[in-house]
Amino acid sequence: MINLLSPEIASIVFSDIRDGIMVTNTKNEIVFINNAFSEVTGYSEADVMGCDPRLLNSSHHDEEFFLNMWKTIKETGHWKGEIWDRRKDGEIYLEFLSISAIKNCRGDVEHYVAVFTDINEKRKAEQRLDRAALYDVLTELPNRIQTIHYLQNKLNKSRKNHKLLAVVMLDLDDFKSTNDKFGHDLGDRLLVVIAQRLQRLIRSTDMVGRLGGDEFAIILSNLNNFDEVEQMTHRINCLVASSITVNGEKYRLTTSLGVTLYPFDEADAELLLRHADQAMYKAKENGKNQSHLFDVEKDQQAQTRRELVQQLSVALEKNQLVLFYQPKVNMRTGKIVGVEALIRWQHPEEGFLGPGHFLPHVEYHDLIIDIGEWVICKALTQLRYWLKKDLKISVSVNISARQILQLDFVPRLKEILNNFNDVPLELLELEILESAALENTDHVARVIEQCRKMGIHFALDDFGTGYASLSYLRDIPADILKIDQSFIFNLLDKRKDLALVEGIIGLATAFQRTVIAEGIENTEQGVLLMRLGCDLGQGFGIARPMPAENLLPWVKNFQPDKEWSIWADTSWEISDFPLLVAQHDHISWVKNILFYIEGKTNSFNKASLINHQECRFGHWYYSYGRQRYKHIKEFSEIEPTHISIHHLGHNIIQLCDQGELDGARKKARELLQLKDRILEKLALLQKQVVASH
Ligand code: C2E
Ligand code: MG
Ligand code: MG
């Protein structure tokens with residue numbers, strides 16, 4: 001192309017063009033340069049004529065770079081790209097270079113033409129823009145975007161090298177008031193000082209960024225243990241707290257730090273920052289000038305709770321909640337006295353879920369109130385239906401602590417009841433947890449009084465678990481005490497539970513409240529409760545909670561337990577309770593021996609085993625029992641059998657200790673026979689006692 005131009009035109013073009021031009025021959029000697037070449041490189045024609053272009057080499061590129069460049073030129077006749085060169089004054093600059101091989105008419109390469117543009121300024125401007133986008137102008141620290149980018153990289157590394165990574169969020173305490181008081185210029189000066197201090201503190205592999213305002217993030221990677229993080233946060237707190245002098249005046253600042261740790265907190269970069277932020281707010285709440293570690297477990301629980309609240313409110317809207325009903329009976333009369341409404345979630349994927357799966361998660365959310373009001377409506381609708389079907393039965397509904405503690409509980413209840421004017425309110429019973437009532441006794445007492453005036457009854461549910469004092473029972477006018485099922489489970493085995501139940505029944509009598517036991521699973525528990533003076537009961541042993549439509553058929557077919565009727569006409573005096581307890585003490589003693597054979601217990605009170613006066617039954621028999629019943633024939637008849645069973649029990653334990661388990665098991669049958677004989681005698685004795693009243 002050069003050859004096609006007239007020399008005049010070529011000379012004008014080459015001298016006026018703004019791009020630098022350099023022509024070399026095949027010996028790699030510079031044979032031509034234009035004016036722009038000299039302007040960019042600083043070399044004159046005299047400096048470079050006949051020289052190797054390598055005199056421009058900046059040493060920024062390795063040999064391979066140039067080999068590739070020449071390979072491309074040889075193969076294609078062209079190369080273009082960015083290259084760092086050196087000016088005559090030594091300054092390194094970036095240019096965009098394009099090299100073309102020029103062939104003669106025979107097709108042989110004769111020259112190379114290099115055309116280049118200085119892009120140094122452009123690149124610098126670009127870099128300045130990039131920097132402004134990634135760095136904070138005031139402190140020159142990386143900004144939020146750059147911090148997140150850096151954190152992402154460090155996270156990837158931590159994933160590979162299994163080292164700890166800490167994200168520390170720092171927020172100056174009360175910085176706004178410092179700003180307001182001393183002006184923004186001073187505020188800025190302080191921020192710059194803090195930024196510089198932080199930068200000096202961290203290791204070269206860590207980073208500190210300014211996220212905005214008085215908020216900084218510090219990323220510490222490659223940590224070995226939590227101690228290192230603690231030391232660091234302590235140092236940051238101290239460092240920020242040491243006074244800052246500006247224009248001769250001293251200023252003091254403090255900071256709150258929030259920390260989260262990867263991999264314990266397995267979140268992405270953005271979320272880690274958010275978690276550190278949450279922890280920082282906790283540090284502020286806890287009194288500022290301190291650090292707080294993000295609690296992963298708690299956060300996950302909170303997350304699960306949020307999701308569940310969401311799902312459950314949808315469930316309420318979509319009618320996925322249902323009520324089951326569990327009958328309550330009077331064991332002495334054999335009559336059904338009511339039902340308790342118990343909520344279930346008919347989950348589209350997981351089937352029926354009991355309240356334990358979802359209610360605790362919404363306990364502190366207003367959704368529990370919506371659910372509670374729905375339950376009342378639903379139960380009253382059901383009650384109305386049963387009344388139409390000639391079933392007059394009371395329905396009890398569980399009320400959550402949050403609901404009952406609402407100041408407008410009564411007006412809201414009245415609003416619901418307005419829609420059920422045809423339902424006698426005497427049939428509605430509200431169960432509140434003893435613990436909920438304890439939270440605000442005055443309020444709860446007032447609510448109960450107001451409801452009472454409308455005819456509604458109240459029960460204290462799970463009674464015995466809430467540590468209610470006697471004075472509290474006096475102040476809370478609930479009509480019914482519902483003995484917690486945990487005491488009923490162990491009624492027959494645990495002396496303390498039996499004593500507690502006995503105590504609650506005594507309390508109920510003294511305060512003229514009705515008492516009901518929940519969690520009755522078998523006949524024995526029911527009978528014992530009845531004999532202790534608690535006639536009302538509810539439990540799987542009577543009926544499980546059932547769908548509403550099953551209740552009418554169940555009522556129709558209900559047959560009271562025969563065992564209940566045996567004791568129905570008898571009443572016990574408190575002074576005879578130990579006789580009932582003694583029976584169960586003996587059953588426990590026998591159970592313990594059977595457990596020993598099966599290896600379920602390896603400790604045994606040997607004294608109570610060998611000496612028939614040392615077991616609990618023996619204690620009663622030779623003290624209180626003898627004083628009270630020694631004149632009754634059946635009482636004396638128990639002693640020989642009781643002595644025999646102790647001999648046998650001792651013998652069984654010895655066999656077990658010698659490893660002769662088969663022998664021990666055979667003897668166990670005999671043991672059970674002797675036990676039954678003692679129970680028979682006790683039953684006869686009890687009948688005599690009742691008859692003598
Ligand atoms: P709760 O009010 O003490 O109800 C008795 C719980 O014991 C019910 O469990 C019942 O199914 C269970 N139960 C009854 N008899 C027996 C038995 O013989 N053995 C055993 N192992 N368990 C028995 P559920 O239905 O799972 O309810 C648990 C708790 O959830 C209830 O205890 C009550 O505090 C709460 N709850 C149930 N429905 C509602 C409701 O509609 N609203 C509110 N706020 N709480 C409810
Ligand atoms: Mg209940
Ligand atoms: Mg209960």
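Here are two short exercises on the metal sites of this structure, each with a worked solution.

This is a predicted model, where local features need pLDDT of at least 70, side-chain atom pairs count only at pLDDT 80 or more, and totals for chains, interfaces and linings use all residues. Residues are numbered from 1 along each chain as its sequence is written, chains are lettered from A and ligands numbered from 1 in the order in which they are written, and side-chain values use heavy atoms, with hydrogens and water left out.

**Exercise 1.** Find the protein donors of the magnesium ion (ligand 2), and work out which parts of the chain Asn-398 and Asp-461 tie together.

*Step 1.* Donors are N, O and S atoms within 2.8 Å of the metal (3.2 Å for Na, K and Ca); water is not among the atoms, so sites may look incomplete.

*Step 2.* Look 2.0 to 2.2 Å from ligand 2 and you'll meet Glu-340 (OE), Asn-398 (OD1), Glu-431 (OE) and Asp-461 (OD).

*Step 3.* Asn-398 sits in strand β16 (residues 394-399) and Asp-461 in strand β18 (residues 457-463), so the pair ties together parts 63 residues apart in sequence. Strands here are DSSP runs (E, at least two residues), numbered from the N terminus.

**Exercise 2.** Now take the magnesium ion (ligand 3): what coordinates it, and which residue bridges it to ligand 2?

*Step 1.* Its donors are Asp-461 (OD), Asp-462 (OD) and Glu-518 (OE), with Glu-518 (OE) listed twice, at 2.0 to 2.6 Å.

*Step 2.* Asp-461 links distant parts of the chain with Glu-518, which is in strand β20 (residues 514-518), 57 residues apart.

*Step 3.* The bridge is Asp-461, and the two ions lie 4.2 Å apart.

*Step 4.* Check burial: Asp-461 and Glu-518 are both buried, meaning under 20% relative accessible area (exposed is over 50%, partly exposed in between; 1.4 Å probe, protein chains only).

Definitions and conventions:
Helix = DSSP H or I, 4+ residues; strand = E, 2+ residues; numbered from the N terminus.
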